[in-house]
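Student: Could you take me through one part of this structure closely? I would like to look at the aromatic rings and at what surrounds them.

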Amino acid sequence: MQPTVNLSRKSKPLYMQIKSIVKDRILHGVYPLGSIIPSEPQLESEFGVSKITVRNAVSELVQEGYLEKGSGKGTKVIRNTSTSKLSKQKRFTEVLVEGGHRIRKELLIAEVVVNEPGTLPHALFGDQAYRIERLYHLNDEPYIYYMHYLTMRAGGIELSDLTSQSLYDMLEEHEVAPEKFRDEFEVTLAPAYVEQRLGVAAGTPLLKRSRYSYDGAGHLIEYSEGLYHTALHSYVVNYDV
């Protein structure tokens, strides 16, 4: 039996939270293209909400073209790519899901931190920032370790929502979404605790992606570092020309 998911009673409406969770599962291959998602009674039980709440969430995903309802046949996934305004290029997770892979996100830490003077987070964000650590699993194997720092201008966000929702989708909902990125890549050795999280041997070289995300006015919103266990899968970027 699927464990009950605890929804925030202080965040956005419950049906919107369920919509975000189901959409995120579609985009990360938990509900693959062409599959039938759990029935409305199953979703009611999982989220501990009423029938109308689940029905509203599913209806919005149908309207947005992710799902299709069939009489007596269940609700089918018919699209698994996002329509985010963030970028014309596909997100890396979309590339993986299109290749038949499944992505599972694990939230490790989500907190407000005091940045130490002399550190990069302090230089970028000042005295305080949101810090988020997450681990992405590729087909149930640890694959990417992420460390994010967010500006305090993203105030009011529910960090616990990151267990089930895309970070960039959440920022977009709070009208602080990035509009441009700068990515830097290098091969590096990871700290011992990251090696343990990824299940790699000590001294294993990993691909590191450092990302700077800016709003339309050029203000920095997010700085993140991702460490990729590329022995599992190469880092892929697809561009539309």
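Tutor: What follows starts with the aromatic rings, goes on to the strands and ends with the helices.

The model is a predicted one. Its protein chain has seven helices and eight strands. Of the 241 residues in the chain, 46% are buried. Among contacts with a separation of 6 or more, 60% join residues 24 or more positions apart.

Ten aromatic pairs are present in the structure. Take phenylalanine 92 and tyrosine 235: their ring centres are 4.7 Å apart and their planes meet at 25°, so this pair is stacked. The cut-off behind that word is an angle under 30 degrees between the planes. Phenylalanine 92 belongs to helix α4 (residues 92-98), while tyrosine 235 is in the segment after β8 (220-228), so the pair ties together parts 143 residues apart in sequence. Phenylalanine 92 has a relative accessible area of 9% and is buried.

Compare this with tyrosine 136 and tyrosine 146, whose rings make an edge-to-face pair, with 5.1 Å from centre to centre and 85° between the planes. Tyrosine 136 is in strand β4 (residues 128-138) and tyrosine 146 is in strand β5 (residues 141-150), ten residues apart. Both of these tyrosines are buried.

The two pairs also belong to one aromatic cluster, formed by Phe92, Tyr136, Tyr143, Tyr146, Phe185, Tyr228 and Tyr235. As you look at the cluster in the model, find Phe92 with Tyr235, then Tyr136 with Tyr146.

Rings can also have a charged group over them. The charged end of arginine 182 sits over the ring of tyrosine 212, at 4.2 Å from the ring centre. In another case, arginine 211 lies over the face of phenylalanine 181, and here the distance to the ring centre is 4.4 Å.

Now place the strands. Six of them form an open sheet with antiparallel pairing, and their order is β3-β4-β5-β8-β7-β6. Strands β3 (103-114) and β6 (180-189) are the edges, each pairing on one side only. With direction ignored, neighbouring strands in this sheet are turned by 15° against each other on average. In the order of the sheet, β4 is next to β5, and these are the strands that hold tyrosine 136 and tyrosine 146.

On the other side of β4 is β3. Strands β3 and β4 run antiparallel and are joined by eleven bridges. Leucine 107 stands opposite arginine 134 of β4. As general background, side chains in a regular strand alternate between the two faces of the sheet.

Strands β1 (residues 67-70) and β2 (residues 74-77) pair with each other in the antiparallel sense, over four bridges. Lysine 69 has threonine 75 in β2 as its bridge partner. Together β1 and β2 make a hairpin with three residues between them, and glycine 72 in the turn has a positive phi of about 75°.

Turn next to the nonpolar side chains. In soluble globular proteins, nonpolar side chains tend to be buried together. The largest nonpolar core here has 18 residues, and those touching the most other members are Ile18, Ile26, Tyr31, Leu43, Phe47 and Leu67. Helices α1 (14-27), α2 (40-47) and α3 are the elements that give two or more residues to this core. The largest share comes from α1, with five residues. Apart from this core lies another, of 17 residues, with Tyr149, Val194, Tyr214 and Leu227 among them.

Tyrosine 31 shows what such a core member has around it. Residues up to four places away in sequence aside, tyrosine 31 touches Val22, Arg25, Ile26, Ile37, Pro38, Leu43 and Val77.

Two further residues help to place α1 and α3. Threonine 53 is in helix α3 (residues 51-63), and its relative accessible area of 14% makes it buried. Beyond its neighbours within four places in sequence, threonine 53 is in contact with Leu14, Tyr15 and Ile18. Glutamine 17 is in helix α1 and is buried as well, with a relative accessible area of 5%. The C-alpha atoms of glutamine 17 and alanine 57 are separated by 8.2 Å, although their positions lie 40 residues apart along the chain.

Methods:
Residues numbered from 1 in each chain as written. Predicted model: local features only at pLDDT ≥ 70, side-chain atom pairs only at ≥ 80, totals over all residues. Heavy atoms only, no water. Phe/Tyr/Trp six-rings, centres within 6.5 Å; stacked < 30°, edge-to-face > 60°. Buried < 20%, exposed > 50% of the residue type's maximum accessible area, 1.4 Å probe, protein only. Lys NZ or Arg CZ within 6 Å of the ring centre and 35° of its normal. Pairing = 2+ DSSP bridges. Axes fitted to C-alpha atoms, helices over the stretch in contact; angles between N-to-C directions. Contact = heavy atoms within 4.5 Å. Core = buried A, V, L, I, M, F, W, Y, C linked by side-chain atoms within 4.5 Å.
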